[in-house]
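Biologist: Before we talk about any part of this model, I would like to know how each description is justified. Could you take me through the reasoning step by step?

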Amino acid sequence: MDAIILQILNGLDKGSAYALIALGLTLIFGTLGVVNFAHGALFMIGAFCAVTLSRILTLSHEVVDETRTDFLGNPLKVDVPYLYDIFGQTTGDAIIDWAVPISILFAIPVMVFIGFAMERGLIKHFYKRPHADQILVTFGLAIVLQEIIKYFYGANPIPTPAPSAFTGSFDFGAMLGFDPGSIIYPYWRIIYFMFAAVIIGAVFAFLQFTTFGMVVRAGMADRETVGLLGINIDKRFTIMFGIAAAVAGLAGVMYTPINSPNYHMGMDFLVLSFVVVVVGGMGSLPGAVLAGFLLGILESFASMAIVLETLPGINQIIIYLVAIIILLTRPRGLMGRKGVMED
Amino acid sequence: MGLTKKDFTLLIIVAVLCLFAPFILNPFPEGSAMAQFNAGYPDLMQRLVIFGIFAIGFNILFGLTGYLSFGHAAFLGVGSYAAIWMMKLLTMNVIPAIIVSVAVAGLFSLLVGWISLRRSGIYFSILTLAFAQMSYSLAYSVLTPITGGETGLQPKYTDPRILDGDLPPGETPRANLFGLDMKDSTQITMGDWVFTFNAGYYVAAVVMLVAFYVSIRIFRSPFGMMLRAVKSNQQRLNYTGLNSKPYTLAAFVISGMYAGLAGGLLVAMDTQVGAERMFWTASGEVVLMTILGGAGTLIGPVLGAGFIKYFENIISKINESILHQWFAFMPDGIEDFLVSMVYPFIGKGWHLTLGIVFMLVVIFLPGGLVEGGQRVARLFKRRKPSSDKPDGKTTPAE
């Protein structure tokens, strides 16, 4: 029993990332009808927002410390972040320590701006082109974005730690009445899951309970009629694209402490997220979220030692295998709507 | 040979280009400043033609039927593994290796195609992508006894090779065609120029010509017409009572076999295989080649493959000091500025250049280089009605 709970928990953090990316993909697909292969790159750019902010925060200048000497006997030069000058040492340290959560505030405007620029600058011109062209141009864009990041940040993963308050682990086993130490789970992953849940909830609430969301939903159902009613649906869809980009970016920001960001992390997640979207059902938001968590958990179950003994390598392919089976038995995916991408 | 005059000319042009490639690709004298633009060395020439085959095959599927497969590298990889096993077990002669690689890739693509072709559009792309990623992951992990995992496979001295005699001690097994070593090269020096003629390249080039001929025949056949009908309107085709599945499946298997052939040839030229050639970016690369050259045209994929492989090699080689040499005639400040502007796009930045070029092509020139050539030709036609002989290389029959 404890092993099962542990695997479910293990699946949650990866599942959250899948769900967030897939949610953004579905938002874009459902509103604009565009298959966005550059969505993984947005996730990656989000992660690098966190890297950038932590670099900005640690910008420092050299100060000669008279009280200490280096090995030659000269006064030691110490790097002092500018933050110390502004806030003093304790507050400065705390801000640097909390760089990743603070990046959320930094990432939202950046990602929304990138989303707008992408939609207005490029994707707008591809609504009338075939899906293959959309796939190809966004694929090219993904390569370009990825290479730009590689040029500025190098090819190696950049470790970006979580705030030290969250670096420990939480003993679920003791709490749930199992042997202490049987279910140990890092704090940050719990936070990631809760963060994802909040974001997903916020997106759904936004679509469900605001007038803006209502118009967008109406546009998803029948774009033409909404346009005929005198509503500028394109503008709203552009905003949705920005929101989808922000969701992917935030997923990336918060993922940095779990996996050090490198320039190709987006591509790695993208392929899986596409599979998630297809399994969930193209254009279905709840389907994307459900499939994201489901596949994340399935993947972690497949990585159990017992499973691997009987079916070696199953953890590598389980997601693809499930996708193939789902597509062949339920062509619309788990919760796909009728009439979406049925050709 | 059952070709129209136009197609025959095209085939002859390609054949002549292949035959004289060692000269054409080596226009600059050895040791000169421009020598880094030479591409006439065996390794690169082999890759030009082999990826040409890969792209020709991909074009039969994508160009004719419009089904965008994102998993063709898997067939290339499977073909490569099959070829290297034939070399390890049977003989270092490349003929059985290539035949088996085509056959195995064909069977594998039959399986993948049979499942993937139940769906179309984006679903088809994702299904093929899923299959390719699955093969890649398996080759990397569980199938290590067969695929060599991360280290890959090479022929070893201790392999059985039942048809070959025992090697003298210390000798490494070499890929050959009835005794003709694939790595055999003859160098001819003419003045400052050095031309290299490589046995492996010519074997690959002959195979490429055959593959090209077959693809012309497919394009011009009733079967090819059916495939185009699938692309233009599959629904209408179905309404007329035709089942399009056998046609698309056949196209898929044929293009899979082409990929297997390319994989087998890669092994014949350079006897090693690693799983990374099945990674999905490799599948993306063949898509780039086909689109860049011009999907649905005969010569386009070959052009695209040549373009990408050539510039990949050349641009990756240029470094900062070479750039400084180029701009040395300018004042220092401008020189440094220009170098810093160009630097991100060369050397390790090759993929950035490729991505940008690819985006520009998809946005402005969906027909690829071929369409670009046709546009230029039309421009000249309009200006000078008398000289309406367009360049045969850039305006093929399509």
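Modeller: In this predicted model, the contact between the chains takes 31 residues from chain A and 34 residues from chain B, where two residues are in contact if their C-beta atoms lie within 7 Å.

Biologist: Which helices supply the side of chain A that touches chain B?

Modeller: Helix 6 (131–153), helix 12 (265–280) and helix 15 of chain A each supply at least two residues of that side, and the largest share, 14 residues, comes from helix 6 of chain A. By class, the side of chain A that touches chain B has 24 nonpolar, 4 polar and 3 charged residues.

Biologist: What describes the packing of helix 13 and helix 15 of chain A?

Modeller: Two packed helices are described by the angle between their axes and the distance between the axes. Helix 13 (residues 285–302) and helix 15 (residues 314–329) of chain A pack at an angle of about 150°, with their axes 8 Å apart, and the crossing is right-handed. Among the residues that meet there are Leu295(A) and Leu298(A) in helix 13 of chain A and Ile318(A) and Val322(A) in helix 15 of chain A. The residues of this contact divide into 7 nonpolar, 1 polar and 1 charged.

Biologist: Turning to chain B, with its 16 helices and 4 strands, why is chain B called as compact as a globular protein of its length?

Modeller: The radius of gyration of chain B is 22 Å, and the globule rule gives 21 Å for 398 residues; the two values are close, so chain B is as compact as a globular protein of that length.

Notes:
Residues numbered from 1 in each chain as written. Chains lettered and ligands numbered in written order. Predicted model: local features only at pLDDT ≥ 70, side-chain atom pairs only at ≥ 80, totals over all residues. Axes fitted to C-alpha atoms, helices over the stretch in contact; angles between N-to-C directions. Left-handed = near helix turned anticlockwise from the far one by under 90°. Nonpolar A, V, L, I, M, F, W, Y, C, P; charged D, E, K, R; others polar. Rg over C-alpha atoms; globule rule 2.2 N^0.38 Å.
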